[in-house]
Amino acid sequence: QVQLVESGGGLVQAGGSLRLSCAASGSIVSFDSLGWYRQAPGKQRELVALVTSGAETNYVDSVKGRFIISRDNAKNTLYLQMNSLKPEDTAVYYCNAFLLRYGRKIDYWGQGTQVTVSS
């Protein structure tokens, strides 16, 4: 069982930057993918950015060119650098770690960190 703890959220003005961190209680090397999701009030949770075990990255269109996902395997930590923030980026951001083993999907989630962007 792996525990994920996010940090780095907060209140920032539009155009500003934040860096989110997700610290895992164990090694992150074995996960098939690591990702950041977000959920705004009244909306469904959406995938923001993903990095695979092969270091491939994928972003939702609305954050391309502004957000960067990265991982530090030595520190068992996932990051999300968020630049040029917009009010529509306001949401609770969740860290996810995903495994596919013997046809079984296993997801681990953090507790979330609030990001609020003021206009």
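Which residue stands opposite Thr77 in strand 8? In this predicted model, that residue is Ala23, and the views below begin with the whole chain before turning to the sheet in which strand 8 takes part.

**Figure 1. Overview of the predicted chain, a fold with zero helices and eleven strands.** Read along the sequence, the elements follow one another as β-β-β-β-β-β-β-β-β-β-β. The C-alpha atoms fill a box of roughly 45 × 30 × 25 Å when this is taken along the principal axes. The radius of gyration is 14 Å, which agrees with the value near 14 Å that a compact globule of 119 residues would have. Of the 119 residues, 43% count as buried, and among the contacts with a separation of 6 or more, 55% are made by residues 24 or more positions apart.

**Figure 2. The open sheet of four strands, in the order 1-3-8-7.** The pairing in this sheet is antiparallel. Strand 1 (4-7) and strand 7 (67-72) stand at the edges and have a single partner strand each, so one side of each is left without a neighbour in the sheet. From one strand to the next, the twist averages 15 degrees. Strands of a sheet pair through backbone hydrogen bonds, in either a parallel or an antiparallel sense.

**Figure 3. Strand 1 beside strand 3, paired in the antiparallel sense over four bridges.** Two of the residue pairs can be followed by name: Leu4 has Ala24 of strand 3 as its bridge partner, while the bridge partner of Glu6 is Cys22, also in strand 3. In a regular strand the side chains alternate between the two faces of the sheet. Strand 1 has a covered face formed by Leu4 and Glu6, and an uncovered face formed by Val5 and Ser7.

**Figure 4. Strand 3 (residues 18-24) against strand 8, paired in the antiparallel sense over six bridges.** Along this pairing, Ser21 stands opposite Tyr79 of strand 8, and Ala23 stands opposite Thr77 of strand 8. Five of the seven residues of strand 3 are buried, so this strand is largely enclosed by the rest of the structure.

**Figure 5. The surroundings of Leu80, a residue of strand 8 (residues 77-82).** Leu80 has 0% relative accessibility and therefore counts as buried. Not counting residues up to four places away in sequence, Leu80 touches Leu18, Arg19 and Leu20, together with Trp36, Val48, Ala49, Phe67, Ile68, Ile69 and Tyr93. The C-alpha atoms of Leu80 and Leu50 lie 9.8 Å apart in space, although these two residues are 30 residues apart in sequence.

**Figure 6. The ring pair of Phe31 and Tyr108, from a structure that holds two aromatic pairs.** The ring centres of Phe31 and Tyr108 are 5.8 Å apart and the planes stand at 80 degrees, so the pair is edge-to-face. Phe31 lies in the loop between strand 3 and strand 4 (33-39), whereas Tyr108 lies in strand 10 (residues 104-109), so the pair ties together parts that are 77 residues apart in sequence. Both rings belong to buried residues, Phe31 with a relative accessibility of 3% and Tyr108 with one of 15%.

**Figure 7. The ring pair of Tyr37 and Trp109, with centres 5.0 Å apart.** The planes of the two rings meet at 70 degrees, so this pair is likewise edge-to-face. The pair links distant parts of the chain, with Tyr37 in strand 4 and Trp109 in strand 10, 72 residues apart. Trp109 has a relative accessible area of 36% and is partly exposed.

**Figure 8. Arg45 over the rings of Tyr94 and Trp109.** Arg45 lies over the face of Tyr94, at 3.8 Å from the ring centre. The charged end of Arg45 also sits over the ring of Trp109, 4.7 Å from its centre, and Trp109 is the residue whose ring forms an edge-to-face pair with that of Tyr37.

Key. Residues numbered from 1 in each chain as written. Heavy atoms only, no water. Buried < 20%, exposed > 50% of the residue type's maximum accessible area, 1.4 Å probe, protein only. Contact = heavy atoms within 4.5 Å. Pairing = 2+ DSSP bridges. Axes fitted to C-alpha atoms, helices over the stretch in contact; angles between N-to-C directions. Phe/Tyr/Trp six-rings, centres within 6.5 Å; stacked < 30°, edge-to-face > 60°. Lys NZ or Arg CZ within 6 Å of the ring centre and 35° of its normal. Rg over C-alpha atoms; globule rule 2.2 N^0.38 Å.
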